[in-house]
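The following exercises are to be worked with the sequence and the coordinates at hand. Each task is followed by a solution in steps.

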Amino acid sequence: MGLRIGGGLFVSVGTVTLQHTGGNISEPRINDRIHANEVRLVGPAGEQVGIVRLEDALRLAREADLDLVEVAPMARPPVAKLMDYGKFKYEAAQKARESRRNQTNTVIKEMKLRPKIDSHDYETKKGHVVRFLKAGDKVKITIMFRGREQSRPELGFNLLQKLADDVVEDGFVESAPKQDGRNMLMVLSPTKKKSEARVDAEANKQARMAQRAADAEAERSAEAEHRAAHQGGVSLKKRRGPADNMDPDIDL
């Protein structure tokens, strides 16, 4: 959000406010590119130094191994800040990438039903609606009327109300049922934000993977125990010698 002062728009980026006079925000003037004879100087920690000559501001920047950045060129005199401009640009780019990564786009799924839908189809489509809501997406429900069904709008309204009640744990009615020509529409919104839904989905995935690994380990242990028990129960045959021969007429 920008703040308009005088003829310019000040746009905050991180801890620095850059002035924008129209069009796209351009790179601010830094160091020797600053044209003013004097500037209102702001220190690296945000402290107000006061109005100083440009030469003195540049000298202070060199002594501190920092840059002098013109952050409000339309002010009289312009406002300049001492900062590490390269570091500032890098951190601003990182924040912009993080913001884009965390940004969620609203997705609206659609589910179409007939007012006289049978119970099996209803349960199937309700399952799809629940899945969409748990993923953090909105769902537009459309009841399609044909022929004489158009004279019974209460059938569609009751069906939509039933669906809303059945999925109340995962979604709520954002747009109440309304007639739109031959159709009746209702919009459901998820109870959880898309970012929360992603976290839950990832946690459930990790839990399933851990359970499968535990089951596989238990199966391997049981198989190893079974092999050990089988080997222990089999006795090796003793080799017979002359003393074991019970028939004296047989010469070994």
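**Exercise 1: A serine in a strand**

In this predicted model, the side chains of Ser 189 and Glu 174 form a polar contact at 2.5 Å.

Task: State in which strand Ser 189 lies, whether Ser 189 is buried or exposed, and with which residues Ser 189 is in contact beyond its neighbours within four places in sequence.

Solution.
1. Ser 189 belongs to strand 11, which covers residues 183-190.
2. The relative accessibility of Ser 189 is 3%. The cut-off for a buried residue is under 20%, and Ser 189 therefore counts as buried.
3. With neighbours within four places in sequence set aside, the contacts of Ser 189 are Leu 133, Lys 138, Asp 170, Gly 171, Phe 172 and Glu 174. Glu 174 is thus in this list and is also the partner in the polar contact of the side chain.

**Exercise 2: The sheet that holds strand 11**

Task: Determine the strand order of the open sheet of four strands, identify the edge strands, and describe how helix 3 and helix 4 are placed.

Solution.
1. The order is 8-9-11-10, and the pairing is mixed.
2. Strand 8 and strand 10 (171-180) each pair on one side only, and they are the edge strands. From one strand to the next, the twist averages 20°.
3. Seven bridges link strand 10 and strand 11 in the antiparallel sense. Within this pairing, Gln 179 has Met 184 of strand 11 as its bridge partner.
4. Helix 3 lies across strands 8, 9, 10 and 11, at about 170° to strand 8. Helix 4 lies across strands 8, 9, 10 and 11 as well, at about 10° to strand 11.

**Exercise 3: The nonpolar cores**

Task: Find which residues have the most contacts inside the largest nonpolar core and which element supplies its largest share.

Solution.
1. The largest nonpolar core comprises 19 residues, and Val 129, Ile 141 and Leu 188 have the most contacts inside it.
2. At least two residues each come from strand 8 (108-113), helix 3 (119-134), strand 9 (138-144), helix 4 (153-166) and strand 11.
3. Helix 3 provides the largest share, five residues.
4. Beyond its neighbours within four places in sequence, Val 129 is in contact with Met 111, Val 139, Ile 141, Val 167 and Leu 188.
5. Another core, of 12 residues, lies apart from this one; its members include Val 39, Leu 41, Val 52 and Leu 82.

**Exercise 4: Helix 1 and its strands**

Task: Explain why the buried residues of helix 1 line one face, and state which strands they pack against.

Solution.
1. Helix 1 spans residues 54-63, and its buried residues are Leu 54, Ala 57, Leu 58 and Ala 61.
2. Viewed down the helix axis, these residues fall within an arc of 100°, so they line one face of helix 1. The general background is that an α-helix has 3.6 residues a turn, so residues three or four places apart point the same way.
3. The buried residues of helix 1 pack against strand 4 (38-42), strand 5 (48-53), strand 6 (67-72) and strand 7 (79-83).
4. Strand 4 and strand 5 run antiparallel and are joined by five bridges, with Glu 38 opposite Arg 53. Their hairpin has five residues between the strands, and Gly 46 takes a positive phi near 90° there.
5. Strand 4 and strand 7 run parallel and are joined by three bridges, with Val 42 opposite Lys 81.
6. Asp 65, just after helix 1, has a positive phi of about 55°.

How values were computed. Residues are numbered from 1 along each chain as its sequence is written. This is a predicted model: local features need pLDDT of at least 70, side-chain atom pairs count only at pLDDT 80 or more; totals for chains, interfaces and linings use all residues. Side-chain values use heavy atoms; hydrogens and water are left out. Buried means under 20% relative accessible area, exposed over 50%, partly exposed in between (1.4 Å probe, protein chains only). A polar contact is a pair of N or O atoms within 3.5 Å; within protein, one must be able to donate a hydrogen and the other to accept it, and residues adjacent in sequence count only if both atoms are side-chain atoms. Contact means heavy atoms within 4.5 Å. The arc is that of the directions from the helix axis to the C-beta atoms. A nonpolar core is a set of buried Ala, Val, Leu, Ile, Met, Phe, Trp, Tyr and Cys residues joined through side-chain atoms within 4.5 Å. Two strands pair if DSSP finds at least two bridges between them. Axes are lines fitted to C-alpha atoms, for helices over the stretch in contact, and angles run from 0 to 180 degrees between N-to-C directions.
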